[in-house]
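Reader: Please take a close look at one part of this model, a single charged residue and the salt bridges that go with it. I would like the geometry and the exposure of each partner.

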Amino acid sequence: MQIYDEANTLASHIRECEESRTYRALKEEVQGNETLSALLKEYKRLQIKVQLSAVSGGSAETEEIQRFQQIGSLLFADATAQRYLLAEMRMQQMMADVFKILNDASGLEMPGM
């Protein structure tokens, strides 16, 4: 079907775009640094926990919030980590925009879109 061919073409364009190339290069650089990689993993774990608490109407433990903020400060003080996190945010935004375009075209009603 033509729609799947177009989807594969879109996937190829996403892989080849500047945002994606930058993100992959920075991800590889970060993964090559054990300490940075471990900090990012913990940061993302805490980020999800804090966000889930906020969405569910609960509140995350004060210690977790403080740890999340401390790790965030450390990461954004590191130039490589900062570039990686910003590149990741740009990729996430691009993918959210693409998904919204596709969702709007489908006519499906998705909460939050």
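Author: What follows starts from one arginine and then turns to salt bridges elsewhere in the model. This is a predicted model, in which local features need pLDDT of at least 70 and side-chain atom pairs count only at pLDDT 80 or more, while totals for chains, interfaces and linings use all residues. Residues are numbered from 1 along each chain as its sequence is written, and side-chain values use heavy atoms, with hydrogens and water left out.

Arg21 sits in helix H2, which covers residues 18–31; helices here are DSSP runs of H or I with at least four residues, numbered from the N terminus. With a relative accessible area of 42%, Arg21 is partly exposed, where buried means under 20%, exposed over 50% and partly exposed in between, using a 1.4 Å probe and protein chains only. Apart from neighbours within four places in sequence, Arg21 is in contact with Arg15 and Glu16, contact meaning heavy atoms within 4.5 Å. Ala87 is 66 residues from Arg21 in sequence, and their C-alpha atoms are 9.7 Å apart.

The side chain of Arg21 also meets that of Glu18 in a salt bridge, with an N to O distance of 2.6 Å. A salt bridge is a side-chain nitrogen of Lys or Arg within 4 Å of a carboxyl oxygen of Asp or Glu. Glu18 and Arg21 are three residues apart in helix H2, so about one helical turn separates them. Glu18 is partly exposed as well, at 47% relative accessibility.

The structure holds seven salt bridges. Another of them pairs Arg45 with Glu42 at 2.9 Å, N to O. Both residues belong to helix H3 (residues 34–55), where they are three residues apart, about one turn of the helix. Arg45 is partly exposed, its relative accessible area being 42%, whereas Glu42 is buried at 18%.

Lys44 forms a salt bridge with Glu88, and the closest N and O atoms are 2.5 Å apart. Because Lys44 lies in helix H3 and Glu88 in helix H5 (residues 79–106), this pair ties together parts that are 44 residues apart in sequence. Lys44 is partly exposed, with a relative accessible area of 24%, and Glu88 is buried at 12% relative accessibility. Salt bridges with shared partners also join Glu42, Arg45 and Arg67 into one network.

Terms used. Helices (H or I, at least four residues) and strands (E, at least two) are DSSP runs, numbered from the N terminus.
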